[in-house]
Amino acid sequence: ILGFMGPEQLPECLKGCDVVVIPAGVPRKPGMTRDDLFNTNASIVASLTSACAKHCPEAMICIISNPVNSTIPIASEVFKKHGVYNPNKIFGVTTLDIVRANTFVAELKAGLDPARVTVPVIGGHAGKTIIPLISQCTPKVEFPQDQLEKLTARIQEAGTEVVQAKAGAGSATLSMAYAGARFVFSLLDAMSGKQGVVECAFVRSDVTEVPYFSTPLQLGKKGMEKNLGLGKLSPFEEKMVAAAMSELKASIKKGEEFAKNFK
């Protein structure tokens, strides 16, 4: 393990990297949305991904910095500017939404171990763009509609719940570290040749009308091997996908515009 500090050591830090994880940025405080972090975190992500494009252009880039719905388009545009863009290697880490969904479902179904629950979460990584697919949960679970709506809302607003509980001391930390580690370990397993590794992430996508969207992905030696798409959605989930589109379009456009003007 080596330690590096400051912009002057960044080239040496990145040289030869196979995977780069970017959690850098300011956390939310009560009353803030993830989008309120944009101005500060957008510059941080643009600077760091620009350095990655120069010094480790073949690396897998895993971005945790919020707002993910904008920072992934920023990273993609930066890599395009440098002529080294590979959409299969840039990931918005949304794993915390999956971890929360798994946990909340297990809490409502007594006897279920959250470690053995898998709820795909698609869309984006903010508010109503977070779309848990309870109908595709493994093992299969069912909830009355009113309980399903409350569960969905709690998954979507879980980050805000943590921010409010911390009362100004930051946002999710330990749970985010766990979720980030889970995604990166899965990616490393896939890069090492393990078959059948699937994780959700926010990536360049043609699955819906927006150019970036989170879905289950089959990971492989070269990053995203196959986008597994939406699967069969319930009518409730179809409505959530439709409702998320305008916010996703705006966040993606905001990121792309920022990157185009970033020097």
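Start by selecting Lys128. Beyond its sequence neighbours up to four places away, Lys128 touches Gln156, Ala243, Ala244 and Glu247. Keep in mind that this is a predicted model.

Stay on Lys128 and show the backbone. Lys128 sits in the loop that links strand 4 (121–123) to strand 5 (130–132). Is Lys128 buried or exposed? Neither: its relative accessibility is 40%, so Lys128 counts as partly exposed. Now add Val105 to the selection. The C-alpha atoms of Lys128 and Val105 lie 18 Å apart, with their positions 23 residues apart in sequence.

**Zoom out**

Show the whole chain as a cartoon. You should find eight helices and eight strands. The radius of gyration is 18 Å, close to the 18 Å that the globule rule gives for 263 residues, so the protein is as compact as a globular protein of that length. Along the principal axes, the C-alpha atoms fill a box of roughly 55 × 45 × 40 Å.

Switch on the surface. The accessible surface comes to about 12500 Å², and carbon and sulfur atoms account for 56% of that. Of the 263 residues, 48% are buried. Next, colour by charge. There are 29 positive and 25 negative charges, and their mean positions are 2 Å apart.

Turn to the contacts. Take those with a sequence separation of 6 or more: 67% of them join residues 24 or more positions apart.

**Colour the domains**

Give domain 1 one colour, selecting 12–93 + 250–261. Give domain 2 another, selecting 95–247. Note that domain 1 is made of two segments of the chain. How far apart are the centres of domain 1 and domain 2? Taken over C-alpha atoms, the separation is 20 Å. Then display the contacts between the domains. On the domain 1 side, 31 residues take part; they meet 36 residues of domain 2.

**Select Thr94**

Go to Thr94, in the loop between strand 3 (90–92) and helix 4 (95–108). Thr94 has a relative accessible area of 1%, so this residue is buried. What is packed against Thr94, leaving aside neighbours within four places in sequence? His125, Cys200, Ala201, Phe202 and Ser214 are in contact with Thr94. Show their side chains together with Thr94.

**Select Val210**

Move on to Val210. Look for this residue in the loop between strand 6 (197–204) and strand 7 (212–220). Val210 is a loop residue, yet its relative accessibility is 1%, so Val210 counts as buried. Which residues does Val210 touch, not counting those up to four places away in sequence? They are Ser205, Met245, Leu248, Lys249 and Ile252. Add Ala172 for a distance check. Val210 and Ala172 are 38 residues apart in sequence, and 28 Å separate their C-alpha atoms.

**Two cis peptide bonds**

Finish on the backbone. Most peptide bonds are trans. Here are two that are cis.

Select Asn66 and Pro67. The bond joining Asn66 and Pro67 is cis, with omega about 0°. Pro67 lies in the loop between strand 2 (60–63) and helix 3 (68–81).

Now select Thr138 and Pro139. The peptide bond from Thr138 to Pro139 is cis as well, with omega near -5°. Pro139 lies in the loop between strand 5 and helix 5 (145–156). Strand 5 also borders the loop of Lys128, where the tour began.

Definitions and conventions
Residues are numbered from 1 along each chain as its sequence is written. This is a predicted model: local features need pLDDT of at least 70, side-chain atom pairs count only at pLDDT 80 or more; totals for chains, interfaces and linings use all residues. Side-chain values use heavy atoms; hydrogens and water are left out. Helices (H or I, at least four residues) and strands (E, at least two) are DSSP runs, numbered from the N terminus. The radius of gyration is taken over C-alpha atoms; the globule rule is 2.2 Å times the number of residues to the power 0.38. Buried means under 20% relative accessible area, exposed over 50%, partly exposed in between (1.4 Å probe, protein chains only). Contact means heavy atoms within 4.5 Å. Accessible areas come from the Shrake-Rupley method with a 1.4 Å probe; for residues, only the protein chains shown count as cover. Lys and Arg count as positive and Asp and Glu as negative; His and the chain ends are not counted. The place of a charge is taken as NZ of Lys, CZ of Arg, CG of Asp or CD of Glu. Domain bounds come from an automatic or database domain assignment.
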